[in-house]
Amino acid sequence: MCIVHALASQVDALLAVAATEDFDAGCVISQRGAPSGPSRLFVIIRGSVTVSRPSVEAAAGAGPDILGRLGMGEHFGAKNIVDPSAPREVDVAADVAVCCLTFTAEALGEALLPLIQHSLARELATRRWADAGSALFDD
C-alpha cells in the first residue's frame, strides 16, 4: 500500500472519532488543580493558547509563569489521557478564538487499536521471517 494512502486512512480513522470544540479568546480551557473530569486530548486546528501556572510570587500580586504558547497542530491534555485521575498541573487559556479537535481516551483507543494491531502484525511477520531465515542457515 502506498504510504500516502496508509497515512490518509490513519487520519480518516482519527477524524472519524474526533469532536470539534470552539473556545472564545480568554477562555480557560483547562485549569490547574481542577479535577480532570472527562479526559480529552486537544489538538489545536485554529488559534493559539497560553500554558501557564501561578508564579511563586503570586501572593505578591505577580502574574502567572508563562510556560509556553501552543498553536496550530500542537496538542495538550495527553497526560490526562494516560492518567485520568491526575489533577491538572497547568492552566491553558485561549489567546484568541481557538478551535480544537478533541479526542477521549476511548475514542483514541478505538481509532488507534487497528493501527497498532496492524503494526504489531507486520513486526511479528518480519520476526517470523527472520527466525525462519536464521534457522535455515544454522549449521
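1. Let's start with a charged pair. Glu-89 and Lys-79 form a salt bridge whose closest N and O atoms are 2.4 Å apart. This pair links distant parts of the chain: Lys-79 sits in helix 2 (78–82), while Glu-89 belongs to the loop between helix 2 and strand 7, 10 residues apart. Lys-79 is partly exposed, with a relative accessible area of 45%. Please keep in mind as you read that this is a predicted model.

2. How many salt bridges does the count come to? The count is 4 salt bridges, and two more of them are worth finding on your screen.

3. Look next for Arg-46 and Asp-22, whose side chains meet in a salt bridge at 3.5 Å, N to O. Arg-46 lies in strand 3 (residues 40–46) and Asp-22 in strand 1 (residues 19–23), so this salt bridge ties together parts that are 24 residues apart in sequence. Are these two residues buried or exposed? Arg-46 is partly exposed, at a relative accessible area of 46%, and Asp-22 is exposed, at 56%.

4. Now turn to Asp-95 and Arg-69. Their salt bridge has its closest N and O atoms 3.9 Å apart; since the cut-off is 4 Å, the pair counts as a salt bridge. Asp-95 is in the loop between strand 7 (91–94) and strand 8 (98–104), and Arg-69 is in strand 5 (residues 65–70), so here too distant parts of the chain are linked, 26 residues apart. Asp-95 is partly exposed, with a relative accessible area of 29%, whereas Arg-69 is exposed, with 55%.

5. Let's move on to the nonpolar residues. Which residues make up the largest nonpolar core? There are 12 in all: Phe-23, Ile-29, Phe-42, Ile-44, Val-49, Val-51, Leu-70, Phe-76, Val-92, Ala-94, Val-98 and Cys-100. Strand 3, strand 4 (49–53), strand 7 and strand 8 each supply at least two residues of this core. Try colouring those strands to see where their core residues fall.

6. Ala-94, one of the residues of this core, is a nice one to click on. What is Ala-94 in contact with, leaving aside its neighbours within four places in sequence? The contacts are Phe-23, Asp-24, Ala-25, Gly-26, Cys-27, Ile-29, Ser-48 and Val-49.

7. One last thing to look for: apart from the largest core lies another core, of 9 residues. Among them are Val-43, Ala-107, Leu-108 and Ala-111.

Key:
Residues are numbered from 1 along each chain as its sequence is written. This is a predicted model: local features need pLDDT of at least 70, side-chain atom pairs count only at pLDDT 80 or more; totals for chains, interfaces and linings use all residues. Side-chain values use heavy atoms; hydrogens and water are left out. Helices (H or I, at least four residues) and strands (E, at least two) are DSSP runs, numbered from the N terminus. Buried means under 20% relative accessible area, exposed over 50%, partly exposed in between (1.4 Å probe, protein chains only). A nonpolar core is a set of buried Ala, Val, Leu, Ile, Met, Phe, Trp, Tyr and Cys residues joined through side-chain atoms within 4.5 Å. Contact means heavy atoms within 4.5 Å.
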